[in-house]
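Dear colleague,

Please find below the sequence and the structure that I promised to hand over. My notes on what was found follow directly after.

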Amino acid sequence: MITAGIDAGSRAIKAVLWESETGRLLATAIIDQGVAQAELARDIYQNLLQTAAVDPSRVARVVATGYGRNLVDFATTTITEITCHARGVRCLAPDVRTIIEIGGQDSKLIRLTASGAVRDFAMNDRCAAGTGRFLEVVANRLQIPLADLSALAEKSRKPAAISSMCVVFAETEIIGLLAGGTPPEDIVAGIHSAVATRVAAMAGRHVDSPIYFTGGVALIPRMASALSEILGQPIRTVERPCFTGALGAAVLAASQELVAQP
Amino acid sequence: MSAAPRQISLDEWDDRYRELHASGLVEPAYGGPLRRHFEEGHDLRLRTLRFDNSAASLRLWNLLLTEEDRLRECRRQGRKLVGTMKDLGTVPVMAYAFPNLTAFYPDGAWWIPCVMEFSDGLLRIADSLGIDDSFCPVRAMLGAFLTEAHFPRPDLLVCSVGATCDDFSCIAQRLNGLGFPILWWEIPHRRPAESGEADFLMPGGMTLPMAQVGLVKSELARIQSAMEELAGERLAETMLAAGIRRANRVRRCLEELRRRVFMADQSPLPALELLIAEMMAIHFCSDQEQAAQALEELLVQVRARVESGQGFGSSSAARIYWVNPVSDLRVMNLLEDCGARLCGTDNMFCHALDLIPENLPPLDALAGMALMDPMVGSAAERAGRICQEMQAWRCEGLVISRIPGASHCAWEGQIIADLVHDRLDLPVVELEVPPVADAFQSSLRSRLEALVETIISRRTL
């Protein structure tokens with residue numbers, strides 16, 4: 001059975017085609033989010049089908065997730081990103097007990113039971129500190145490509161203390177640090193720690209291992225080590241972290257289809 | 001006259017109202033179509049809400065949305081108005097023990113910016129007075145006092161201070177400075193009786209230090225004197241005892257209403273109407289007798305629905321316990337849209353829902369109840385009560401609704417969430433709900449839907 005998962009996130013739309021019998025991803029696609037969200041979702045789905053050379057009639061079910069999920073008008077149904085990320089990561093790492101997902105504009109902490117069901121979760125979508133947006137702001141301010149932040153942070157010998165709880169004020173703080181002669185690598189390392197601290201605050205006193213890291217920010221290697229330092233536990237980054245939400249949606253689509261079949 | 005339970009829009013209420021009238025609906029003086037509050041009262045938020053379609057709920061809404069008219073009528077008739085602030089359920093019991101006093105909660109103005117979708121301008125007035133949005137939305141009260149557009153200037157203003165909300169104290173102090181003199185009374189932070197210290201046993205098993213009860217009793221006696229002066233008559237103990245019995249009529253009704261709503265297989269009353277009904281416990285909508293009658297009619301409706309197995313949503317809806325009232329009423333509809341139902345609430349005034357002991361000297365009983373206020377005790381005690389109720393009402397998840405700017409919400413949410421995790425191992429979601437939350441609908445919906453999905457998946461474990 002072939003199913004599709006569309007993760008209409010706040011910064012990008014991710015889509016996958018998944019074959020349930022083999023557990024194989026037939027195709028993946030990602031595109032920046034925009035104003036015409038429904039149209040973008042349709043386009044990315046068409047591209048996905050073309051890439052995999054799959055006729056739409058062969059797709060048993062499409063599940064949409066992410067903030068824009070209700071705008072994906074061709075989806076069979078919608079499921080929240082909490083459930084989808086949990087299922088997607090579980091599919092890739094069956095031993096997972098805690099998921100940290102950091103996206104462009106939000107972050108989530110999801111706790112799972114040993115059998116893989118979501119036990120509870122926490123979300124931060126009201127504050128850019130603790131999201132990828134924070135890193136983007138810093139990259140812009142320091143005029144460094146986002147992809148180079150991690151490597152720069154690795155050079156730090158004394159990460160700067162970033163005390164502001166707000167991205168806007170943190171930017172002011174960065175200007176002050178630069179004016180005071182703090183090397184950019186220490187500022188960048190400090191920002192990684194600040195994001196990690198913010199995310200760890202969502203975990204409270206309940207963090208079971210193993211912890212897996214996913215979402216677009218998981219592509220920045222330094223973030224995993226910053227999280228590991230703050231939480232005092234190893235952090236494993238999942239494969240292709242941008243796609244775990246869409247993968248989970250596709251896996252759940254297959255489960256739903258099996259239940260729906262007579 | 002009865003119809004299958006359904007949540008209907010303001011437009012649909014027009015037809016439903018005609019149908020009810022055609023079938024012989026008899027309404028109190030404040031009755032009428034719901035639409036008039038939208039058109040004449042500019043209660044714009046009503047067009048976005050979905051309402052219970054029963055005649056009993058129509059009466060409840062009409063009672064709520066005519067309070068301003070009622071207060072003006074009281075003033076015209078020469079009744080004395082007492083603005084009771086912050087204690088949420090104690091002082092009004094005393095005020096209504098006097099035949100010619102009417103009490104109301106100016107704090108209730110916090111919902112005006114929501115109901116009127118900011119067209120009231122009250123928050124702008126508060127801003128101009130230096131009470132900006134870093135304070136709780138109850139700051140709208142300042143604008144309401146200054147414009148007198150929502151209630152007349154009261155003859156007496158009473159406000160509790162001490163172990164109360166910091167925000168509210170600041171707002172009330174500002175009000176006092178604007179020429180609205182306040183009779184302040186002190187409520188101490190509740191503590192357990194120490195070893196060897198005389199204690200006072202409350203129903204439910206909580207023991208209070210006798211010294212604290214004595215302090216609050218002496219404070220209430222000061223308020224009593226001020227009310228006696230205003231009313232022009234002495235408050236005999238028998239009058240106060242009768243006032244307590246009248247308040248208990250409302251509380252008994254609400255106790256059964258909540259139990260039936262929370263425990264029924266299918267919810268017999270939507271979350272929105274339950275929230276409005278619960279609020280009656282603290283303020284009686286400025287008419288204690290009508291509040292009691294409206295609630296009793298609602299209870300009859302709920303009993304009938306439970307007995308006939310009728311209700312809202314699915315019997316498998318996720319059973320949610322809700323902490324703190326929402327600034328935007330629309331969020332209560334959203335809960336049901338997401339596949340959940342309300343099976344427990346703690347709106348910071350659970351002491352106003354508990355029966356006042358009738359076997360104690362009346363002032364002692366009132367003092368004890370004032371000390372049962374969840375806000376004058378520790379957050380851990382409040383969390384303990386929430387856990388007990390969640391178990392009793394078979395709740396599967398908790399929503400903690402934070403009120404932007406409200407100082408009492410800063411940390412208590414985490415304390416409550418931690419205890420619910422530790423004791424009950426149930427999922428918890430925290431929401432922050434501004435007075436008009438339209439821009440946050442998708443975010444709020446995501447959280448509530450994720451909570452419902454989590455609850456449903458946990459059922460199979």
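Strand S3 of chain B, residues 80-85, is mostly covered in this predicted model, with five of its six residues counted as buried. S3(B) is paired on the one hand with strand S4 of chain B, residues 101-104, in the parallel sense and over four bridges, and within that pairing B:Val82 stands opposite B:Ala103 in S4(B). On the other hand, S3(B) is paired with strand S5 of chain B, residues 156-162, where the sense is parallel and the bridges number four; here the bridge partner of B:Gly83 is B:Leu157 in S5(B).

These strands belong to a chain that is divided into two parts, domain 1 of chain B covering 74-237 and domain 2 of chain B covering 240-459. The centres of domain 1 and domain 2 of chain B, taken over C-alpha atoms, are separated by 22 Å, and the contact involves 43 residues of domain 1 of chain B and 44 residues of domain 2 of chain B. On the side of domain 1 of chain B that touches domain 2 of chain B, at least two residues each are supplied by helix H5 (91-95), S4, helix H6 (112-115), helix H9 (166-177) and helix H10 (210-231) of chain B, and H10(B) gives the most, with six residues. Sorted by class, that side of domain 1 of chain B has 27 nonpolar, eight polar and eight charged residues.

Further along chain B, helix H12 (residues 271-283) and helix H14 (residues 330-337) pack with their axes 8 Å apart and at an angle of about 140°, which makes H12(B) oblique to H14(B). The residues that meet are B:Ala271, B:Leu272 and B:Leu275 in H12(B), and B:Met332, B:Asn333, B:Leu335 and B:Glu336 in H14(B); by class, the contact of H12(B) with H14(B) divides into five nonpolar residues, one polar and one charged.

Turning to chain A, the division is into domain 1, made up of 1-93 + 241-262, and domain 2, which covers 96-237. The C-alpha centres of domain 1 and domain 2 of chain A lie 27 Å apart, and their contact takes 13 residues from domain 1 of chain A and 20 residues from domain 2 of chain A. Helix H2 of chain A, residues 81-92, gives the most to the side of domain 1 of chain A that touches domain 2 of chain A, namely six residues, and the residues of that side divide into six nonpolar, five polar and two charged.

H2(A) also packs against helix H8 of chain A, residues 244-260: their axes come within 7 Å and cross at roughly 90°, and H2(A) and H8(A) are therefore roughly perpendicular to each other. Among the residues that meet in this contact are A:Cys84, A:Arg87, A:Gly88 and A:Cys91 in H2(A), and A:Gly245, A:Leu247, A:Gly248 and A:Val251 in H8(A). Taken by class, the residues of the contact of H2(A) with H8(A) are eight nonpolar, six polar and two charged.

Chain A also holds an open sheet of five strands, in the order S8-S7-S6-S9-S10, and the pairing in it is mixed. Strand S8 (118-124) and strand S10 (235-237) of chain A stand at its edges with a single partner strand each, so one side of each is left without a neighbour in the sheet. Neighbouring strands of this sheet are turned by 20° against each other on average, direction ignored. Towards one edge, strand S9 of chain A, residues 211-214, is joined to S10(A) by three bridges, the two running parallel, and A:Tyr212 stands opposite A:Arg236 in S10(A).

Lastly, there is the contact between the two chains, which takes 16 residues from chain B and 17 residues from chain A. On the side of chain B that touches chain A, helix H17 (409-424), strand S12 (428-432) and helix H18 (441-459) of chain B each supply at least two residues, and the largest share, 10 residues, comes from H18(B). The residues on that side of chain B divide into four nonpolar, six polar and six charged.

With best regards

Key
Residues numbered from 1 in each chain as written. Chains lettered and ligands numbered in written order. Predicted model: local features only at pLDDT ≥ 70, side-chain atom pairs only at ≥ 80, totals over all residues. Pairing = 2+ DSSP bridges. Axes fitted to C-alpha atoms, helices over the stretch in contact; angles between N-to-C directions. Domains from an automatic or database assignment. Contact = placed C-beta atoms within 7 Å. Nonpolar A, V, L, I, M, F, W, Y, C, P; charged D, E, K, R; others polar. Parallel < 35°, antiparallel > 145°, perpendicular 65-115°, else oblique. Buried ≥ 20, exposed ≤ 12 C-beta atoms within 10 Å, placed from the backbone.
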